[in-house]
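Please walk through this model with the coordinates open, taking the helix packing before the pocket and the single residues.

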Amino acid sequence: MDLTEIPDPPYNVFAKACPSRDTLEHVTGRWGALTLGALAAPPEGSLRFNELRRRVDGVSEKMLSQTLQALERDGLVHRDAQPTNPPRVDYELTPLGHEVAGRLLGLIHFVEGRMDEVLAARERYDTARGGR
């Protein structure tokens, strides 16, 4: 088969109107990435909202709620609301969410492991430009 005969993929994140772009934004945005990472290794499989909020240090209730809704809509997070008093809501990754989070955690661990190099590069950059 000639390469010119290969059809375009059905989704192209570089195309402005492609729905994959929204999902990429949900996964790679600061709060999405941290939320997926936090849900990837909970102590007992799921986390309640406030447990998750404590794990994702610095996220507001509103932003975490919006992030969870986007990730749930994309099929990455499952929300289990139990009709108790007070209501109990647990969040956990779906199988697709586990796959995405695993790839994301690889990147997170890589960045964490190379921070000495990053900080040195920042220092060189700032010094060369007169400090920051």
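**Helix packing around α2**

In this predicted model, Trp31, Gly32, Thr35, Leu36 and Leu39 of α2 meet Met63, Leu64, Thr67, Leu68 and Leu71 of α4. Sorted by class, the residues of this contact of α2 with α4 comprise seven nonpolar, three polar and no charged. Two packed helices are described by the angle between their axes and the distance between the axes. For α2 and α4 the angle is about 75°, and their axes lie 10 Å apart, which makes α2 roughly perpendicular to α4.

On the side of α1, the helix α2 has another contact, in which His26, Val27 and Thr28 of α1 meet Arg30, Gly32, Ala33 and Leu36 of α2. The residues of the contact of α1 with α2 divide into three nonpolar, three polar and one charged. The packing angle of α1 and α2 is about 65°, with their axes 4 Å apart, and these two helices are therefore roughly perpendicular to each other.

How many of the eleven residues of α2 are buried? Eight of them are, so α2 is largely enclosed by the rest of the structure. The buried residues are Trp31, Gly32, Ala33, Thr35, Leu36, Gly37, Ala38 and Leu39. Within helix α2, threonine 35 offers a detailed view of this burial, because its relative accessible area is 0% and it therefore counts as buried. Leaving aside neighbours within four places in sequence, threonine 35 is in contact with Leu52, Val56, Leu64, Thr67, Leu68 and Leu71. One of these contacts, leucine 52, is 17 residues away from threonine 35 in sequence, while the two C-alpha atoms are 7.5 Å apart in space.

**The largest pocket**

The helices just described also take part in the largest pocket, whose volume is about 180 Å³. Its lining consists of Glu25, His26, Gly29, Arg30, Trp31, Gly32, Met63, Gln66, Thr67 and Ala70. Helices α1 (19-28), α2 (30-40) and α4 (61-73) each supply at least two residues of that lining. Which helix gives the most to the lining of the largest pocket? It is α4, with four residues. By class, the lining has three nonpolar, five polar and two charged residues. A reader comparing the lists will find Trp31, Gly32, Met63 and Thr67 in the pocket lining and again in the contact of α2 with α4.

**Strands, loops and a cis peptide bond**

Away from the helices, arginine 79 belongs to strand β2 (residues 77-82), and because its relative accessibility is 38%, arginine 79 counts as partly exposed. Apart from neighbours within four places in sequence, arginine 79 is in contact with Glu72, Val89, Asp90 and Tyr91. Of these, valine 89 is ten residues from arginine 79 along the chain, with the C-alpha atoms of the two separated by 6.8 Å.

Most residues other than glycine have a negative phi, and most peptide bonds are trans. Against that background, the bond joining asparagine 85 and proline 86 is a cis peptide bond, with omega about 0°. Proline 86 is placed in the loop between β2 and β3 (88-93).

Asp90 and Tyr91, already met as contacts of arginine 79, are contacts of serine 46 as well, together with Glu51 and Glu92, once neighbours within four places in sequence are set aside. Serine 46 sits in the loop between α2 and β1 (47-48) and, at 23% relative accessibility, counts as partly exposed, because the partly exposed class begins where buried, meaning under 20%, ends. Although 44 residues separate serine 46 and aspartate 90 in sequence, their C-alpha atoms are 6.0 Å apart in space.

**Leucine 96 in α5**

The last stop is leucine 96, which is placed in helix α5 (residues 95-113). Is leucine 96 buried or partly exposed? With a relative accessible area of 43%, leucine 96 is partly exposed. Not counting residues up to four places away in sequence, leucine 96 touches Asp74, Gly75 and Leu76. Valine 56, which is one of the contacts of threonine 35, is 40 residues from leucine 96 along the chain, and the C-alpha atoms of leucine 96 and valine 56 are separated by 21 Å.

Methods
Residues are numbered from 1 along each chain as its sequence is written. This is a predicted model: local features need pLDDT of at least 70, side-chain atom pairs count only at pLDDT 80 or more; totals for chains, interfaces and linings use all residues. Side-chain values use heavy atoms; hydrogens and water are left out. Buried means under 20% relative accessible area, exposed over 50%, partly exposed in between (1.4 Å probe, protein chains only). Contact means heavy atoms within 4.5 Å. On a 1 Å grid over the protein atoms alone, a cavity is a set of points where a 1.4 Å probe fits but cannot get out, and a pocket is an open set with protein on both sides within 12 Å along at least five of seven lines; lining residues have an atom within 4 Å of a point. Grid points are joined across faces, edges and corners, and a volume is the space filled by probe spheres set on the points. Ala, Val, Leu, Ile, Met, Phe, Trp, Tyr, Cys and Pro count as nonpolar, Asp, Glu, Lys and Arg as charged, and the others, Gly among them, as polar. Axes are lines fitted to C-alpha atoms, for helices over the stretch in contact, and angles run from 0 to 180 degrees between N-to-C directions. Angles under 35 degrees count as roughly parallel, over 145 as roughly antiparallel, 65 to 115 as roughly perpendicular and the rest as oblique.
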